[in-house]
Every structure is written in structure tokens, then in C-alpha cells.
Amino acid sequence: MIKGLKKWRLFSLLAVFAVFMAGCGNEEISTFQPAGQVANDQFKLLLLASGIMLLVIIVVVIIYTVALFRFRRSKLGEDHIPEQVEGSHTLELLWTFIPIVLLLILAIPTVHYTYKLGDVKAMGAVDEDGNAENLVVDVTAKLYWWEFEYPDLGIVTAQELVVPTDEKVYFNLIAADVKHSFWIPSVGGKLDTNVENVNKFYLSFEKESDGLKDGVFYGKCAELCGPSHALMDFKVKTLPRDQFDSWVTAMQKTAEEPVVANADGEEVFSQSCIGCHAVSGVGESGAQGPNLASFGDRNRVAGFLEHDEENLKDWIRDTQKHKPGNTMPSFSEDQISDEDLDALAEYLMGLKVAK
């Protein structure tokens, strides 16, 4: 009976482990399915380190097993004295040089990739006409959302990063309040965003996000930054260069050709929301709230709620219920009536730049 229960415990443990590992297979968020050169390089290092670790474990287990069965006291007798190896130069050389060799095998590629992936000299490169040769994005992490400014293109957005594929994209990372950490698991390792200094690195996006679940890669904050840290998500849309250029042009047009899906909703927005949010994609970072120029194109409300009008209205009514600690105020029925809220939600859902 007890033996049977132990088998079921083992089966249950393996089942839970299998479910846990299944979460590692989602292409839009898995480090085990790299989607760019940086992620590939880091994945190779991960495999190398894991291989060395596994080799050491296997060798130790084999030695332990051989010793356990070959030199058992019941087999050799109580009076058996093992061969004395004290002072053996051969053994001393073996257990000195083998670890050194293993460390060198791991250290050489680690140092190589550390310098390679930290090389951001091309960030400020310009062509003969003075135009930037590479795309640079300034990332500002805030409680609990992300702002993305494209300084050379004159546009800014929030919560959804849009980048071209098959080229390096350079990032300036900073935090506006507390320490956060910028992480797109499928595309590269994380890097902290600090309040007091700017961290720089680059990523390469070599897969279009269109075929993924929700059509985006998932980005996360990898630093424990407060009560809603786990909800501080952002999404990454990767496009071929020509489609990215079209998106940039559409964002730049939002300054002169604003989209108005509901005129009454626009009026409500002007009275209650415009102090913190912009609906033009042209501008600079530093706004109090997320830029909403492409809000209708997103697939999440507040970074994690399903993107529909009901969730949007629920979010506006009680922001703390969904994301405790965030700085957006809630709006009661005394501040925005249900009718006005319906119009506002339709207006916000109509803010689109993607065709």
C-alpha cells in the first residue's frame, strides 16, 4: 500500500514538473527558442555551461556508483585496507588540471560574448548626410508601464515596442522612479534600468512577430519593483523594414491627422485625461502617463487585460483593483458618467495607426 502511494507521489511530481516545463515552450516568451543573434549567442553559452555541469555530475555519479559496488565492506571483508594514494602526483595533477581546463572552456567564450554583446560603439554612427545609421530607442521604465522614444524619428509610444527585423536595434535604458529591468526573453537577456544612470545595449530581432500568439513577443520587468511588478508587461511587434517605415510615417502623421472614432469621447478625453496622456505619436518622453496614439492597435489594456471596451472601462473605474500601486487615478461615476465612459472607450479604441 505504502509502496503504491510512493509511486503515485512520484507520478504527481513528474506531472507537475511536465506542466511547469511546458511553459518554456511558448515561442513568444521562451529563452529556449531564441529569436535573434543576441539570444542565440546567449543560448549557446547556456548550453555550454549546462553541458559542463552535466558532464561533472555524470562523472561523479559513475565514480560514486563504482566505489559503492566494487568496494563494499561485505564484499571485501572487515580487514580490507584500500590502496593508499596519499602523495600520488598523477591524481593531484588530474584533480588540479581538469577543473582548470573546464573553467577555461567556459571562460573563453563567456569573455568573448561579454565584449561582443556589450559593444555599442555603432549607436551614434551617422552617414555622410548626418542621418543615424542605426535605430536607437530610449526606454524609460515607470510604475508600472514602459515608454519608448525614437529620438531620431521624433516619435514616442508606450507599452508596445515596434522594431524592424534583421538589424541591430540599440537601447538607452533608464528608470523614472525605482529600479526596473528590461527583458524580452525570446530576444535577449535582461538589463537593469536605473534612476541614476543610463545603461546601453543592443538586440537583434530576426523573426517577425506576426505569426506568434497575439502577434507579439512578450517583454517583462525582471526586477522586483513593487506590488504590481508581475503586471509590468510590454509587447514587441517586429516588422520587415518597409512595414516599419510605414508605421513610423503613420505615427508621425498622428500630429496633423488625428483619428477621432467618437467626437463625444474626444471631448471627455480633453476634459479628464489629456493632462497626463497624449494621443499624438510625435513628441518626446517624459509624459506623466502612457502615450495613447496607437492604443487601438494594442492587444492588452494596462499591459495585461484583454483588449476590449469592457476591460478598458473597468480599468478606468478602478485602476487600483487591477494594478495596485500604479499612479493612474480611478474615475467614479460622479467624475465620468456611464454614457461618457462609453464614448471615451470608443474614442480610445479608435486610436489606431496600423492599416
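In the predicted model, helix α2, which comprises residues 37-70, lies across strands β5 and β8 and runs at about 95° to β8. The two strands crossed by this helix, β5 and β8, belong to an open sheet of 5 strands, arranged in the order β3-β2-β1-β5-β8 and joined by mixed pairing. The edges of this sheet are formed by β3 (155-158) and β8 (199-204), each of which pairs on one side only, and the twist from one strand to the next averages 25°.

Within the sheet, strand β1 (residues 135-142) and strand β5 (residues 168-175) run parallel and are joined by 7 bridges. In this pairing, phenylalanine 171 of β5 stands opposite valine 137. Strand β5 thus appears both as the parallel partner of β1 and as one of the strands across which helix α2 lies.

A further set of pairings involves strand β10, which spans residues 234-239 and is mostly covered, with 5 of its 6 residues buried. Strand β4 (residues 160-164) pairs with β10 in the parallel sense over 5 bridges, and valine 162 has lysine 237 as its bridge partner in β10. Strand β9 (residues 217-221), by contrast, runs antiparallel to β10, the two being joined by 3 bridges; here the bridge partner of phenylalanine 217 in β10 is valine 236. Strand β10 is therefore described, under the criterion that two strands pair if DSSP finds at least two bridges between them, as paired with both β4, through 5 bridges, and β9, through 3 bridges.

Key: Residues are numbered from 1 along each chain as its sequence is written. This is a predicted model: local features need pLDDT of at least 70, side-chain atom pairs count only at pLDDT 80 or more; totals for chains, interfaces and linings use all residues. Side-chain values use heavy atoms; hydrogens and water are left out. Buried means under 20% relative accessible area, exposed over 50%, partly exposed in between (1.4 Å probe, protein chains only). Helices (H or I, at least four residues) and strands (E, at least two) are DSSP runs, numbered from the N terminus. Axes are lines fitted to C-alpha atoms, for helices over the stretch in contact, and angles run from 0 to 180 degrees between N-to-C directions. Contact means heavy atoms within 4.5 Å.
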